[in-house]
Amino acid sequence: MTKHYLFAALLGLSLVGTASADDKDNSKTTTPGGRRLNSLHNDYAVRHRRLLLRNRFEFTPLFESTINADFQHTIGGGVKLEYHMSDMLSIGVIGVYGTSIHTGLVDKLVNPNSPSKLEDNTNDMTREPSVTEFLDHLNSMPVHGAAYISITPWYGKLAAFSQAYVAFDFYFQGGVSFAQLQGDCPTNICSDAAPGQPRPNPMPGGENLPPDNNPNNDPPLNTGGRAGLYLAGGLHVFLNDFLALDLSVRDYAFSDNPSGADYNADLFVGQNKKTGEDDNRFLHHLFFGAGVAIMFPTTIKRTP
Ligand SMILES: [Ca+2]
Ligand SMILES: [Ca+2]
Ligand SMILES: [Ca+2]
């Protein structure tokens, strides 16, 4: 009997509970499917959050260095300009002026004291290029850059040694890259006017001579403007409301032949009409970049 009273009382309480919960429904919104939502649904995920990116313009002086160069490192300085339409999405451009430094491989091949040094004087009887032939075929990248869309999927706070709490975000970028490639092979070294093709016979009326099959005297064909793909990933570490450390790895991918040599071993430099192959090929140029991002306006808004 007591049990029945207890049960009735509990039932009554639960009904009262339901009724009082229903009373609060006046403040709830409802989805088209009839699902009830409370006021938190339309609220900000984080209140009073500093809006470090949204509607801000980013100006970032930066330093860049190649990390996968075979023959010549490119190191240089430039600027990144970016507009953040939202916390997630931004558009930008980057441009860098660079200077070239020989890699360790090149030093091994040209250093007079190196045991693997190339031949001193041009000898067309050997496949090996001379030091001068080799160096004159290398190209450099005085200018490179990109235009891109950037996505910032993650942001948060980083606690360092339980002392410093800094805001950070990770971003990924994709777009188009461009570069200006430079080289200078004098005509006394790059003397072959028609690489891979039969040469006219100096004797009048004589048959054409076969190709010289010597790529070391061919023009390197690795200079001029290039366009291709751009991919990057990086992070901002905010030092205050408007300054952030900007670290990234960028890939400028475009057609290139950094050695200017016969890469595909068909004994000349240039496009092979029979195979369609070219010694220029789609190459990734990876750079590490470090810069200081300055955000404008320098004052920030917060979520309510
Ligand atoms: Ca040689
Ligand atoms: Ca040749
Ligand atoms: Ca070739």
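Q: Among contacts between residues at least 6 apart in sequence, what share joins residues at least 24 apart in the protein chain?
A: Two residues are in contact if their C-beta atoms lie within 7 Å. In this predicted model, 68% of the contacts between residues at least 6 apart join residues at least 24 apart.

Q: Which elements make up the protein chain, and in what order do they run?
A: Helices and strands are numbered from the N terminus. Here the chain has three helices and 10 strands, in the order α-β-β-β-β-β-α-α-β-β-β-β-β.

Q: Why is the protein chain described as more spread out than a compact globule?
A: The radius of gyration is set against a globule rule that depends on the number of residues. For 304 residues the rule gives 19 Å, and the protein chain comes to 32 Å, well over that value, so it is more spread out than a compact globule. Its C-alpha atoms fill a box of roughly 125 × 45 × 35 Å along the principal axes. Buried residues make up 28% of the 304.

Q: How many bridges join strand 8 to strand 9?
A: Two strands pair if there are at least two bridges between them. Strand 8 and strand 9 (residues 243–256) run antiparallel and are joined by 10 bridges, with Phe238 opposite Ala244 in strand 9. A hairpin of four residues links the two strands. Strand 8 also pairs with strand 7, in the antiparallel sense over 14 bridges; there Ala179 stands opposite Arg226 in strand 8.

Q: Is Gly205 buried or exposed?
A: A residue counts as exposed if 12 or fewer other C-beta atoms lie within 10 Å of its own. Gly205 has 5 such neighbours, so it is exposed. Gly205 sits in the loop between strand 7 (164–182) and strand 8 (224–238). Its C-alpha atom is 73 Å from that of Met295, 90 residues away along the chain.

Conventions. Residues are numbered from 1 along each chain as its sequence is written. Chains are lettered from A and ligands numbered from 1 in the order in which they are written. This is a predicted model: local features need pLDDT of at least 70, side-chain atom pairs count only at pLDDT 80 or more; totals for chains, interfaces and linings use all residues. A residue is buried if 20 or more other C-beta atoms lie within 10 Å of its own, exposed if 12 or fewer, and partly exposed in between; C-beta atoms are placed from the backbone. The radius of gyration is taken over C-alpha atoms; the globule rule is 2.2 Å times the number of residues to the power 0.38.
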